[in-house]
Amino acid sequence: MPHERTRVAIIGAGPSGLLLAWALRQSGIDSIVVENRSRDYVLGRIRAGVLEQGSVETLTRLGLGDRLAREGLVHDGIYLQWGGERQHIDFAELIGRTVTVYGQQEVVKDLMAAHDAAGSTVYYDSADVAVHGVETTSPRVTFTHEGEAHDITADFIVGADGFHGICRSAIPASELALYDRTYPYAWLGILADVAPSTDELIYALHEDGFAMHSMRSPHVSRLYLQVDPAEKIEAWSDERIWEALQVRLGVDGWNLTEGPITEKSITPMRSFVASRMDYKNLFLVGDAGHIVPPTGAKGLNSAITDVTLLAAGLIDHYAGDDTRLAGYGAASLGNQWRVQQFSQWMTELLHRDTTDLQSADFNYRSQRGRLDYVSRSAHAQRALAEQYTGLGF
């Protein structure tokens with residue numbers, strides 16, 4: 001059985017795990033990454049696509065910004081739409097900040113290329129991954145790779161293994177509370193081989209439900225519809241999807257161009273936060289500790305914030321200062337609850353909730369009133385812009 005020693009063992013080779021390993025490597029701190037999925041599976045996951053300005057700055061500072069600068073689509077703002085009206089919220093003009101459309105899988109691709117070139121140790125397709133002794137000074141990770149058992153001893157273990165991962169469960173139940181909320185709607189998302197019909201994202205409230213027009217490149221569009229969580233994707237033909245998008249996104253003088261749909265899926269909407277992001281010598285980052293509904297584009301950005309905070313703490317630790325590492329959990333959760341309230345606000349602002357039919361019409365008209373207020377108030381627009389583009393680390 002191979003026995004290895006590293007300073008930081010990272011479970012999960014998604015963007016959180018690979019970015020943390022890269023940030024540590026840039027500061028001369030060794031790590032090993034263990035992932036139970038295949039490399040192709042990790043690279044093929046279609047997830048978030050909007051990077052806050054701070055996330056772009058972080059990736060660039062770590063030497064990961066070349067392709068991002070070439071191919072990322074910088075957006076000065078977003079469009080809000082309701083009642084057949086569409087208004088541009090200009091972040092750059094309001095607060096001097098922007099966001100960049102660059103798919104999560106593109107970030108992962110850049111990270112994989114960087115680790116490959118540097119010769120980092122990343123075990124994909126690992127089976128029976130387990131963590132041991134997180135309360136000790138020598139925690140361990142065991143797993144099987146290509147039929148051979150492995151044992152890694154580390155100073156710290158980091159769970160970057162997502163909501164369904166193993167690391168959060170290593171925290172004793174008596175030490176952990178879980179807070180979550182399930183929303184009464186889901187997103188039907190599609191990728192379409194057609195140039196976007198908009199220059200920046202459109203968030204639309206419609207009587208039939210929410211709709212959104214995003215993009216992945218100048219040639220690929222990403223669009224979403226609010227649906228009931230019980231809906232089956234088989235019930236949504238391409239024709240039905242485009243018809244609903246045309247209705248919900250339609251405004252006078254603008255056309256939504258249709259094209260071949262290459263992917264479609266339904267994703268539930270939920271919020272989740274674990275009460276702690278650290279326990280002894282175990283740390284959690286990203287979806288292992290929190291999930292947000294996608295409306296505010298905060299999932300990947302929250303993970304990058306976690307990584308930034310934890311990397312700074314680990315770098316300081318190996319330089320002899322434990323202040324930031326000891327404060328990681330509180331700093332991460334402080335940021336996360338700010339993120340959660342914004343994501344909840346955006347979600348409730350733009351989705352129709354018809355679970356209570358008596359109040360559904362009242363609530364819809366109240367939502368339109370809130371959007372009308374935002375459209376008329378520079379202060380409300382600045383607050384939206386500040387939170388959407390990121391409050392910083």
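Which side chains meet in a salt bridge with an N to O separation of 2.6 Å in the first view below? The legends that follow describe close-up views of a predicted model.

**Figure 1. Salt bridge between D116 and R39.** The side chains of D116 and R39 form this salt bridge, with 2.6 Å from N to O. D116 belongs to helix α6 (residues 104-118) and R39 to helix α2 (residues 39-44), and the contact thereby links distant parts of the chain, 77 residues apart. D116 is partly exposed, at a relative accessibility of 47%. R39 is likewise classed as partly exposed, with a relative accessible area of 31%.

**Figure 2. Salt bridge between D155 and R5.** The closest N and O atoms of D155 and R5 are 2.6 Å apart. Because D155 is located in strand β11 (residues 148-159) and R5 in strand β1 (residues 3-11), this pair ties together parts of the chain that are 150 residues apart in sequence. D155 has a relative accessibility of 18% and therefore counts as buried.

**Figure 3. Salt bridge between R140 and D151.** A salt bridge with an N to O distance of 2.8 Å is formed by the side chains of R140 and D151. R140 is part of strand β10 (residues 140-145), whereas D151 is part of strand β11, so the parts tied together by the pair are eleven residues apart in sequence. The two partners fall into separate accessibility classes: R140 is partly exposed at 30% relative accessibility, while D151 is buried, its relative accessible area being 7%.

**Figure 4. Network of salt bridges that share partners.** R67, E71, E106, K109 and D110 are joined into one network through salt bridges with shared partners. In the whole structure, the search finds 17 salt bridges.

**Figure 5. Negative surface patch.** The residues forming this patch are D40, D125, E146 and E148. One of them, D125, is placed in the loop between β8 (121-123) and β9 (126-132). With a relative accessibility of 49%, D125 counts as partly exposed.

**Figure 6. The enclosed strand β5.** Strand β5 spans residues 77-82, and six of its six residues are buried, so the strand is largely enclosed by the rest of the structure. In a regular strand, side chains alternate between the two faces of the sheet. In β5, G77, Y79 and Q81 point one way, and I78, L80 and W82 point the other way; all are buried.

**Figure 7. Antiparallel pairing of β5 with β6.** Strand β6 comprises residues 85-90, runs antiparallel to β5 and is joined to it by six bridges. Among the bridge partners, Q81 is matched with R86 of β6, and G77 is matched with D90 of β6. The two strands form a hairpin with two residues between them. In the turn, G83 adopts a positive phi of about 55°.

**Figure 8. Parallel pairing of β5 with β13.** Strand β13 (residues 202-205) pairs with β5 in the parallel sense, over four bridges. Y79 has I202 as its bridge partner in β13. Y79 is also among the buried residues of β5, pointing the way of G77 and Q81.

Notes:
Residues numbered from 1 in each chain as written. Predicted model: local features only at pLDDT ≥ 70, side-chain atom pairs only at ≥ 80, totals over all residues. Heavy atoms only, no water. Salt bridge = Lys/Arg side-chain N within 4 Å of Asp/Glu carboxyl O. Buried < 20%, exposed > 50% of the residue type's maximum accessible area, 1.4 Å probe, protein only. Patch = residues over 30% accessible without salt bridge, like charges linked within 9 Å, V, L, I, M, F, W, Y side chains within 5 Å. Areas by Shrake-Rupley, 256 points an atom, 1.4 Å probe, with all protein chains shown as cover. Lys, Arg positive; Asp, Glu negative; His and termini not counted. Charge placed at Lys NZ, Arg CZ, Asp CG, Glu CD. Pairing = 2+ DSSP bridges.
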